[in-house]
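Welcome! Take a moment to look over the sequence and the 3D structure, and then let us walk through them together.

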Amino acid sequence: MTTSPIVERGPAAVPQEAGADSGADAPLSAAQRRVWLLEHLRPELVEYNMAQVFELSGPLDVEALDAALGLVVERHSILRSRVVQDAAGGPRLRVQPASVIRLQRTDLRYLAVGPAHEEAHRLSDADIRQP
C-alpha cells in the first residue's frame, strides 16, 4: 500500500487557516447571509447543496481515501461549519471541531453499467435532500 507523504505525516503536518478554530461564532459573509435567508424562505431549496458521483476502477485504498478527506476537512474550517442563531435570532457561523470522516460507500458492481449509474444518481439525490 502506498499513500501520499501528507497522509503518512498526519493532520499535524497540515497548516491551519489563521483564526479558523478560535472557538467564537463569526458573522456570515454577505453571500452566506443570502443563502441563509433563501433557505429560511424556502427550506426545500437544495440548489446550493452539492454532491458528486464518482466511478472508480481498480483497487481502492479506503483508509487512505478517508484519511485524505479527513485532512481536507481538518484544513478547511468551512467544511466543518454550520449556521446557528444568536440570542437575537440572527445567523452566526460556528466551526465544529474536526472529527473522523467516513464516506458512505455503496457497491454497485452487481448492477449493469446503466442501472448502476441510475442508482448512484438516485442515492446522490436522496443524500442531497437530507437535512
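A residue counts as buried when its relative accessible area is under 20%, as exposed when that value is over 50%, and as partly exposed in between. With that in hand, here is a first look at the protein chain, which is a predicted model. Of its 131 residues, 18% count as buried. The chain exposes about 10,100 Å², and carbon and sulfur atoms supply 57% of this area.

**The overall layout**

Four helices and two strands make up the regular elements of the protein chain. Following the sequence from start to end, you meet them in the pattern α-α-α-β-β-α. Contacts across the sequence are well worth a look too: among those with a separation of 6 or more, 64% are between residues 24 or more positions apart.

One such place to explore is Ala-24, found in the loop between α1 (5-9) and α2 (30-41). Ala-24 counts as exposed, at 53% relative accessibility. Ala-24 and Arg-94 are 70 residues apart in sequence, yet their C-alpha atoms are 7.2 Å apart in space.

**Helices α3 and α4**

Helix α3 covers residues 62-75, which makes 14 residues. From its first C-alpha to its last, α3 reaches 20 Å, close to the 20 Å expected at 1.5 Å a residue. Its buried residues are Ala-64, Asp-66, Leu-71 and Val-73. Keep Asp-66 in mind, as we will return to this residue below.

Helix α4 has 16 residues, which should span 22 Å at 1.5 Å a residue; the end C-alpha atoms are 23 Å apart, in agreement with that figure. Which residues of α4 are buried? They are Ala-116, Ala-120, Ser-124 and Ile-128. These residues lie on the same side of α4, because they cover an arc of only 110 degrees around the axis.

Two of these buried residues can be followed to their partners. Ser-124 lies in helix α4 and has a relative accessibility of 12%, so Ser-124 counts as buried. Leaving aside residues up to four places away in sequence, Ser-124 touches Ala-51 and Val-53.

Ile-128, also placed in helix α4, counts as buried at 17% relative accessibility. With residues up to four places away in sequence again left out, Ile-128 touches Val-46, Asn-49 and Ala-51. Ile-128 and Ala-51 are 77 residues apart in sequence, while the distance between their C-alpha atoms is 6.7 Å.

**Salt bridges**

How many salt bridges does the structure hold? There are four, and the table shows some of them.

| Side chains that meet | Distance, N to O |
|---|---|
| Asp-66 and Arg-105 | 3.6 Å |
| Arg-109 and Asp-107 | 2.6 Å |
| Arg-122 and Glu-119 | 2.7 Å |

Let us begin with the salt bridge between Asp-66 and Arg-105. Asp-66 lies in helix α3 and Arg-105 in the loop between β2 and α4, so the pair ties together parts that are 39 residues apart in sequence. Is Asp-66 buried or exposed? Asp-66 counts as buried, because its relative accessibility is 5%. Arg-105, in turn, is partly exposed, with a relative accessible area of 45%.

In the salt bridge of Arg-109 with Asp-107, Arg-109 counts as exposed at 73% relative accessibility. Asp-107 is partly exposed, with a relative accessible area of 41%.

The salt bridge between Arg-122 and Glu-119 brings us back to helix α4. These two residues are three apart in that helix, so about one helical turn separates them. Arg-122 counts as partly exposed at 46% relative accessibility, and Glu-119 also counts as partly exposed, at 21%.

**A nonpolar patch on the surface**

Finally, turn to the outside of the model. Phe-54, Leu-56, Leu-60, Leu-65 and Leu-103 form a nonpolar patch on the surface. Together, these residues have about 480 Å² of accessible area. One of them, Leu-103, lies in the loop between β2 (91-95) and α4 (113-128). Leu-103 has a relative accessible area of 33%, so this residue is partly exposed.

How values were computed. Residues are numbered from 1 along each chain as its sequence is written. This is a predicted model: local features need pLDDT of at least 70, side-chain atom pairs count only at pLDDT 80 or more; totals for chains, interfaces and linings use all residues. Side-chain values use heavy atoms; hydrogens and water are left out. Patches are made of residues with over 30% relative accessible area and no salt bridge: like charges are joined within 9 Å, nonpolar side chains (Val, Leu, Ile, Met, Phe, Trp, Tyr) within 5 Å. Accessible areas come from the Shrake-Rupley method with a 1.4 Å probe; for residues, only the protein chains shown count as cover. Buried means under 20% relative accessible area, exposed over 50%, partly exposed in between (1.4 Å probe, protein chains only). Contact means heavy atoms within 4.5 Å. The expected span of a helix is 1.5 Å times one less than its number of residues. The arc is that of the directions from the helix axis to the C-beta atoms.
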